[in-house]
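Work through the exercises below with the sequence and the model open. Each task is followed by a solution in steps.

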Amino acid sequence: MLKQVLVASALAAITVSAAQAQTCEKNFKVSGIPLVTAVSFKSSQSFPKVKQAQALKRLAQAIAAEGFSGITVNEELGAIDAYQETSGSGRPQTLRVVARSQGGGTLVNAVFNIQPGQVTTNDVVRTGMCSIIRSAGG
């Protein structure tokens with residue numbers, strides 16, 4: 001019985017580790033209805049040997065390089081907020097990236113939101129978002 005519990009625990013730990021080890025592209029998810037509701041694009045990736053402070057600095061630089069404005073970095077929360085206004089409507093799209101310490105590394109989560117009536121393609125957002133997230137690794 002104890003052997004079965006240990007095997008089950010080991011398998012659960014491997015499953016969790018494998019999920020965390022997935023790439024940004026595999027973790028990419030979209031919610032909302034284009035043109036009708038706001039749409040949220042989310043993804044994450046783990047960086048096992050990267051310290052949170054270094055990841056946060058790299059992420060802020062990548063966000064600036066992607067053309068975002070209003071970049072604010074909250075080191076205490078490990079969060080970066082930014083926006084971009086590309087439609088000419090005065091209604092910005094927002095980005096929040098969070099870098100959290102995880103074991104000896106860092107887990108990066110990102111959420112990009114567009115407002116109702118705005119559209120984009122998943123591929124464009126996935127490419128840009130994953131480029132930003134991957135920058136945490138150096």
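**Exercise 1.** Which residues does Ile 133 touch, not counting residues up to four places away in sequence?

*Solution.* The model is predicted: local features need pLDDT of at least 70, side-chain atom pairs count only at pLDDT 80 or more, and totals for chains, interfaces and linings use all residues. Residues are numbered from 1 along each chain as its sequence is written, and side-chain values use heavy atoms, with hydrogens and water left out.

Step 1. Find Ile 133 in helix α4; helices (H or I, at least four residues) and strands (E, at least two) are DSSP runs, numbered from the N terminus.

Step 2. Apply the contact criterion, heavy atoms within 4.5 Å. The partners of Ile 133 are Cys 24, Ser 43, Ser 44, Gln 45, Phe 47, Leu 59, Val 108 and Ala 110.

Step 3. Take one partner, Gln 45: 88 residues separate Gln 45 from Ile 133 along the chain, yet their C-alpha atoms are 7.1 Å apart.

**Exercise 2.** Is Ile 133 buried or exposed?

*Solution.* Step 1. Set the classes by relative accessible area: buried is under 20%, exposed over 50%, partly exposed in between (1.4 Å probe, protein chains only).

Step 2. Ile 133 has a value of 0%, so this residue is buried.

Step 3. Extend this to the helix: the buried residues of α4 are Val 125, Gly 128, Met 129, Cys 130, Ile 132 and Ile 133. Their cover includes α2 (24-27), β2 (39-47), α3 (52-65), β5 (93-102) and β6 (105-114).

**Exercise 3.** Which element gives the largest share of the lining of the largest pocket?

*Solution.* Step 1. Define the terms: on a 1 Å grid over the protein atoms alone, a pocket is an open set of points where a 1.4 Å probe fits, with protein on both sides within 12 Å along at least five of seven lines; lining residues have an atom within 4 Å of a point.

Step 2. The lining has 18 residues, with Gln 84, Phe 112, Thr 120, Val 124 and Val 125 nearest the centre.

Step 3. Two or more lining residues come from each of β5, β6 and α4. The largest share, 5 residues, belongs to α4.

**Exercise 4.** What is the sign of phi at Leu 35?

*Solution.* Step 1. Locate Leu 35 in the loop between β1 (29-31) and β2.

Step 2. Its phi is near 70°, a positive value in a residue other than glycine. Most residues other than glycine have a negative phi.

Step 3. Leu 35 is exposed, with a relative accessible area of 56%.
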